[in-house]
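Trainee: Pick one spot in this model and take me through it closely, please. Then work outwards from there, so that I can find my way around the rest.

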Amino acid sequence: MAPLLVTGYSMVSALGLGRRQHLEALAAGRTGLGEHPIDLDFETAAGAVRQPLPELPAELQPWSTRLARMAYALLQELDEPLRRAREKWRPDRVAVLLGTSTAGAETTEVAYKQFVAGGGFPRDYDFQRQHTFGAVLSVVRKLAGVDGPSWMASTACTSSGKTFATAQRLIAAGAIDAAIVGGLDTLCTMTMTGFNSLQALDSKPCRPFREDRSGISIGEGGAFALVERAGDARVLIEGIGETSDAYHISAPHPEGLGAQAAMHEALQRGGRYPTDVDHVNAHGTGTRLNDTAEANAIQCVLGTEVPTVSTKAYTGHTLGAAAAIELAFAACAIEEGWIPPAIGDGAIDPEVAVKIPTERMTGRFERVLSNSFAFGGNNVSLLVAKP
Amino acid sequence: MSPLQVNVAGVGLWMPQFPNAAAWAQRQPLAEGEPIKPTGEAFSRVNRRRASQMGRAIGDAVAEAMAQAGVDPRTTPVIVGSSIGEASAMIGLLDQMWRAQEPMSPAVFTVSVHNAASGLLSISMKNKGYTTSIAADYDTPAAALLEGIGLIATGHDAVCCVCADEESPRSLLEHAPHWDMLAGAVVLTKTNASDAGVQLTVHTSGDADVAGSDVAAKFTHNPQVGIIDLIDAVQRKANGMLRLDRGKGRGYLAQLAS
């Protein structure tokens, strides 16, 4: 398959709105993790989007949720490449392929809390327009002025990574010419309580690959990318690996076999060798099991010298949005010629054999592997390259 | 969108009273008046216990479709489509938090994700390849077929698309028509000149001339009813254009040729 051309991208996370704010935070090694607005009976840091999100136009108010307003912010940053794409491609040839894990759960849990308290559902609550996994798709199509095939991938923490692979296949098959891909997720009580029930949350900001790491920090945010059949690519996605562990519903394979297979597949589909990879944006959630398994997998596939950073220490784990946000960070590394330092308290785990740079590194980063792994044993690895 | 043609090599379904496609084809409910629970045929015993009722219905439909198509479950990609996913698990978690104010069950949380069924399927079938879970409201059947067609167009020999939605969550959909649970699966394969099966293409617009199935009214509002209409049309060896969304989605149609 031909490489996927990424002609524009946008991002929202605890680091800010848009590429510039993200670059500033990443360059400074400044985390976005900290206090959050979710009312919990346990302590944890989270990556909340603190800037106000734009309100939807009046005609789309029935669909207005935090998720939909996040989508609007992402589309605003993508405005210029989208305008060019609309001039080039028929609206029905531009797909909307997004990923989410929580969909409208944040809106539903607030409504349900009121219902349980005896107050009934809020008058403006609408399950079909605000909760379902597909609800935000119609908002994105209308705001973007496109009308191609659209669906939501929901494979937990790999959701948005899957959308790049779908777009690549549909373009190769001649079914579409371009697509808005990526994903988004919001903080919600249910998710944070659920990860806490698994004893998977760190009470402090997460510390991926550190010796005393003790879990995840949840984040919210999203990233969209415009991918096209032809055009001026900012970066290419040369190969994508999609595999399953077939091992456990919520724990990674201890040797990271599924993760290794995903990285091998991405390299093979991209026609590249392990020595071609300059940097890994790791899944790196900060749990003991995940980081150990992933480090083993990276070592097996790429050796020990490829600088590996988990940017979840900056944004938190943004679940269904993580793969797209980290794809955007991979693109930034290639375009800017530097990678952010691996941040987090404590020493690097001596059992992690891969290179974890704790200072910002500059250089030629021409090819980046970005990993995402999920509940269900679902793995996605994206090989991102300089055009 | 350019039409892309594939072959339908196997079908499977689960609906209350009709536990498989063969029973549906003959309109023979196995236990009249008695709701039959899905067994989760494609799952290992331990994962059968973990799966929701919808997950088990998906497991039954997938097992039947794959057996009919004669494809290998260890290597055949599976696309699970569902509009609301594991909504009852989510409501259970919300009740634990807000109503009972109990600690959340980690076991329920791990299978409350939309891809619980696809994950349990890959574990049970020892499939280490591609799997996904998608949603597009009433367009989910069309989306699953398009995702499957994309896989076949780029090198896979066979793909299983399964679409399911559990019973509508009455508390959250107070004023909307109620629907009952259903699951339907089709195995798509590359088209060959020698294929005796049904050829399928998906279109974004057009006029339908193939009628939908005669499912009971309690299923007609299920967002996945289009997959049952497709399975029914395949069983009838219908030729022509069939709506995949019962007029509630964006107008996708399947063109069938036997």
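Mentor: Start with B:E174, which counts as exposed because it has 11 C-beta neighbours inside 10 Å, and the cut-off for exposed is 12 or fewer. Keep in mind that this is a predicted model. Look for B:E174 in the loop that runs between strand 4 (158-165) and strand 5 (182-189) of chain B. If you want a second landmark, try B:W24: 150 residues separate it from B:E174 along the chain, and their C-alpha atoms are 30 Å apart.

How sure is the predictor here? For chain B the average pLDDT is 93, and 95% of the residues score at least 70. For the model, ipTM is 0.97 and pTM is 0.97.

Now stay in chain B and go from an exposed residue to a covered helix. Helix 6 of chain B covers residues 116-124, and nine of its nine residues are buried. Among them are B:A116, B:G119, B:L120, B:L121 and B:I123, along with the serines B:S118, B:S122 and B:S124. What do they pack against? Part of the answer lies in chain B itself, with helix 2 (45-50), helix 3 (53-69), strand 2 (78-81) and strand 3, and part lies across in chain A, with strand 9 and strand 15. Just past the end of helix 6 of chain B, you'll find B:K126 with a positive phi of about 55 degrees.

That packing takes us over to chain A. Here the contact involves 50 residues of chain A and 53 of chain B. On the chain A side, several elements supply at least two residues each, including helix 7 (159-172), helix 8 (189-197), strand 9 (235-244) and helix 9 (257-270). The top contributor is helix 4 of chain A, with six residues. Sort that side of chain A by class and you get 23 nonpolar residues, 21 polar ones and six charged ones. There's strand pairing between the chains too: strand 5 of chain A runs antiparallel to strand 3 (residues 131-135) of chain B, over two bridges. For a pair to click on, take A:M152, whose bridge partner in strand 3 of chain B is B:A135.

Helix 9 of chain A deserves a stop of its own. Its 14 residues reach 20 Å from first C-alpha to last, close to the expected 20 Å. Twelve of those 14 residues are buried, and they aren't just small or greasy ones: A:Q260, A:E265 and A:R269 are on the buried list, as are A:A261, A:A262 and A:L267. The buried residues of helix 9 pack against strand 9, helix 10 (288-302), strand 14 (367-374) and strand 15 (378-385) of chain A. So strand 9 and strand 15 of chain A turn up here, and also among the neighbours of helix 6 of chain B. Right after helix 9 of chain A comes A:G271, with a positive phi near 65 degrees.

Finally, zoom out to chain A as a whole. It has twelve helices and 15 strands, and its C-alpha trace spans about 55 × 50 × 40 Å along the principal axes. A compact globule of 387 residues would have a radius of gyration near 21 Å, and the 19 Å of chain A agrees with that. Buried residues account for 65% of the chain. Of the contacts between residues at least 6 apart in sequence, 81% join residues at least 24 apart.

Terms used:
Residues are numbered from 1 along each chain as its sequence is written. Chains are lettered from A and ligands numbered from 1 in the order in which they are written. This is a predicted model: local features need pLDDT of at least 70, side-chain atom pairs count only at pLDDT 80 or more; totals for chains, interfaces and linings use all residues. Helices (H or I, at least four residues) and strands (E, at least two) are DSSP runs, numbered from the N terminus. The radius of gyration is taken over C-alpha atoms; the globule rule is 2.2 Å times the number of residues to the power 0.38. A residue is buried if 20 or more other C-beta atoms lie within 10 Å of its own, exposed if 12 or fewer, and partly exposed in between; C-beta atoms are placed from the backbone. Two residues are in contact if their C-beta atoms, placed from the backbone, lie within 7 Å. Ala, Val, Leu, Ile, Met, Phe, Trp, Tyr, Cys and Pro count as nonpolar, Asp, Glu, Lys and Arg as charged, and the others, Gly among them, as polar. Two strands pair if DSSP finds at least two bridges between them. The expected span of a helix is 1.5 Å times one less than its number of residues. pLDDT is the predictor's confidence in each residue, from 0 to 100.
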